Amino acid sequence: MDPSSLSNPHECKVTSLNLVLSVNFEKSQLQGYVEVATQIVKEGAEHLILDTNKLEISHCNDVTSNPINFKLAEEHKIFGKALIITIPEGLRSVGKEFIVRVYYNTTVESNALQWLNKDQTAGKLHPYLFSQCQAIHARSLVPCQDSPSNKVKYQAEITVPKPLTALMSALSTGKTESTDSSVFTFTQEIPIPTYLIAIVVGDLESRVIGPRSKVWSEPSMVAAAEYEFANTEKFIAVGEDLLTPYVWGRYDILLLPPSFPYGGMENPLLTFVTPTLLAGDRSLEGVVAHEIAHSWCGNLVTNKYWSEFFLNEGFTVFVERKIIGRLYGEEMFDFEAMNGLKHLHDDVDLFTHKHEEALTALIPNLNGIDPDDAFSSVPYEKGFNLLCYLQSLVGVADFEAWLKSYIAKFSYQSIVATQMKDYFIEYFTEKGKSEQIKVVNWDGWFNKPGMPIEQVEFVSPAAKVAKDLAEITWIKEQGANATKDDIKSFKTQQIILFLDTLIHSTTDKPLSVDVLEKMDSLYAFTDVVNSEYKFRWQTLCLHSGLKRIEPKVVEFLISQGRMKFVRPLYRELNKVNPELAKSTFNKYKSQYHIIASKMVAKDLGL
């Protein structure tokens, strides 16, 4: 049973959803119904139980419009309200199909949806709507069995005001127009977990960027997006070579408004990405490689419960770095691994400091916990390090062959870590490598909090150059021998590692303001466009008490809502100028996504 869901797929399993909804920008509501097709899997099942959260349910009918009894259970403050629908007596035996129409509307409190007025968009002409259902927010978009353990097909018919466009994480099948509205239809024939249902409505334009890809965004950003994501097809092709054929048909990218709270979201057929990736030089396109890797890890082979999130993210990071390594040189795999290890260290420290060290286990206990509250780099980087460790035992070629067969074996399923473990042991025992793999302490890897119990050594000359510049030239020598040319030939990842190393190595003894001023005069970090550089430089300056950076920090905080940047920056600003941190957040919190707003408020103790 999924502790994050109130639903009952073990008794009556939802197989498909058909959404018929109108988008009402005046009321910030989706209005209409969902037709829920289910199959009875337990003899005598009396009820279909669906997850809902902040939805208004008006009535339930069968397909011939006869009313069906339903009730809403008491609200759980994290998981919402269970919608309990009575299954007619004649349909309660195993294998029977039960179809119910649930008439409902969303509310302004529905966490899955962000409604932007026209002033919050790039074009300032039309309103905009987008969804973010991961982890447990699909239930505030549509009544459903909101658990990754259950996969469903879906269709949709979405009515929007002209001249807006609707897109979903599904194949677009048509558009019909009337005087003042358009109806868009969609179908998703591959069963997916509900957290991958996605919708966007806005003034959208597209450009072709590959044989199976378009990029979509507001008109003013589409040219920049077309340039930034030009390598998309290369990433997909390497993914196919590494794993199995790409089964989703299309791979489109949607560039969202700045308030999108994540770097990317792997919605099938339509990856959502943040505009903070628009660096102007394709230097942050690795996020797209990550989301493409999800087409296999997460979207095809899915974690059954949120406690096993590393099966989605650890595998995806591993495949992402394999793709980057194949395209840009194998050293980049190790380089990115070293960077990732730093972020893992940060998060383990942060959770330990908050007395929540238990959440740094690879498979944490999430009973009664909102999966959003457990979100960190642990499933990503600790999961990645587990796979690197396993690869070190059996060799790269054999491990890549296993990875391909693992995806093929578990595609279209939701699985738990023990299934992955058992298949690894079975596969390599058959290959005659049982001796090499018997050393794996699976229990320690899965359940011990903190850093990985075994650490593969990553080697990268490029990383050494970046770290030496930080540790020797700037920390030891205080920049005495530094020149403008130091970072001229650096790749993006090297500059990120340089700044990360400075942040880590000066936590207890910050660099002086004079040293930072010298660094800025040589490297001009204050005025960079690249969001990853900006975030780290501002963090470093706040640590050292460089007061002139504070207005720049505020400027960055109110220009975008990506949690990777806004949460740590608000925390740092709050340490040195709590009044400015809190007043900025209170003034601009309505611009942020509900999830981001909730987490920052928590960080600031509001």
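Biologist: Strands here are DSSP runs (E) of at least two residues, and helices (H or I) of at least four, both numbered from the N terminus. Where, then, is Ser-65?

Modeller: This is a predicted model. In it, Ser-65 sits in the loop between β4 (55-61) and β5 (70-72).

Biologist: Is Ser-65 buried or exposed?

Modeller: Ser-65 counts as exposed, because its relative accessibility is 52% and the cut-off for exposed is over 50%. Its phi is positive, about 70 degrees, although Ser-65 is not a glycine.

Biologist: What is the usual sign of phi?

Modeller: Most residues other than glycine have a negative phi. Lys-124 is also not a glycine, and it has a positive phi of about 60 degrees. Lys-124 belongs to the loop between β8 (113-116) and β9, and with a relative accessible area of 44% it is partly exposed.

Biologist: And the peptide bonds: which residues does a cis bond join?

Modeller: One cis peptide bond joins Gln-134 and Ala-135, with omega about 5 degrees. Ala-135 is in the loop between β9 (128-131) and β10 (151-161). A cis peptide bond also joins Lys-162 and Pro-163, where omega is about 5 degrees. Pro-163 is in the loop between β10 and β11 (165-168).

Biologist: Turning to helices, at roughly what angle do α2 and α4 cross?

Modeller: The axes of α2 (residues 232-242) and α4 (residues 310-328) cross at roughly 110 degrees and come within 10 Å. Therefore α2 is roughly perpendicular to α4, as angles of 65 to 115 degrees count as such. The crossing is right-handed.

Biologist: Which residues make the contact?

Modeller: From α2 they include Phe-235, Val-238 and Leu-242, and from α4 they include Ile-323, Ile-324 and Leu-327. By class, the contact of α2 with α4 has eight nonpolar, one polar and four charged residues.

Biologist: What does α3 pack against?

Modeller: The buried residues of α3 pack against α2, α4 and α6 (378-394), and against the strands β17 (252-255), β18 (264-265) and β19 (270-273). Helix α3 (residues 286-293) is largely enclosed by the rest of the structure, because seven of its eight residues are buried. Among them are His-290 and Glu-291.

Biologist: How about Phe-333: what does it touch?

Modeller: Leaving out residues up to four places away in sequence, Phe-333 touches Phe-318, Arg-321, Lys-322, Phe-384 and Cys-388. Phe-333 is part of α5 (residues 331-353). It is buried, with a relative accessible area of 7%.

Biologist: Next, Arg-536: where is it found, and with which side chain does it make a polar contact?

Modeller: Arg-536 is in α14 (residues 531-544), and its side chain makes a polar contact with that of Asp-500 at 2.9 Å. Arg-536 is buried, as its relative accessible area is 3%. Beyond neighbours within four places in sequence, its contacts are His-343, Ile-496, Leu-499, Asp-500 and Ile-503.

Biologist: And how far apart are the axes of α14 and α16?

Modeller: The axes of α14 and α16 (residues 563-576) are 10 Å apart, and the packing angle is about 15 degrees. That makes α14 roughly parallel to α16, and their crossing is left-handed. The contact includes Phe-535 and Leu-542 of α14, together with Phe-565 and Leu-569 of α16. Its residues divide into seven nonpolar, four polar and three charged.

Key: Residues are numbered from 1 along each chain as its sequence is written. This is a predicted model: local features need pLDDT of at least 70, side-chain atom pairs count only at pLDDT 80 or more; totals for chains, interfaces and linings use all residues. Side-chain values use heavy atoms; hydrogens and water are left out. Axes are lines fitted to C-alpha atoms, for helices over the stretch in contact, and angles run from 0 to 180 degrees between N-to-C directions. Angles under 35 degrees count as roughly parallel, over 145 as roughly antiparallel, 65 to 115 as roughly perpendicular and the rest as oblique. A crossing is left-handed if the near helix is turned anticlockwise from the far one by less than a right angle, and right-handed if clockwise. Contact means heavy atoms within 4.5 Å. Ala, Val, Leu, Ile, Met, Phe, Trp, Tyr, Cys and Pro count as nonpolar, Asp, Glu, Lys and Arg as charged, and the others, Gly among them, as polar. Buried means under 20% relative accessible area, exposed over 50%, partly exposed in between (1.4 Å probe, protein chains only). A polar contact is a pair of N or O atoms within 3.5 Å; within protein, one must be able to donate a hydrogen and the other to accept it, and residues adjacent in sequence count only if both atoms are side-chain atoms.
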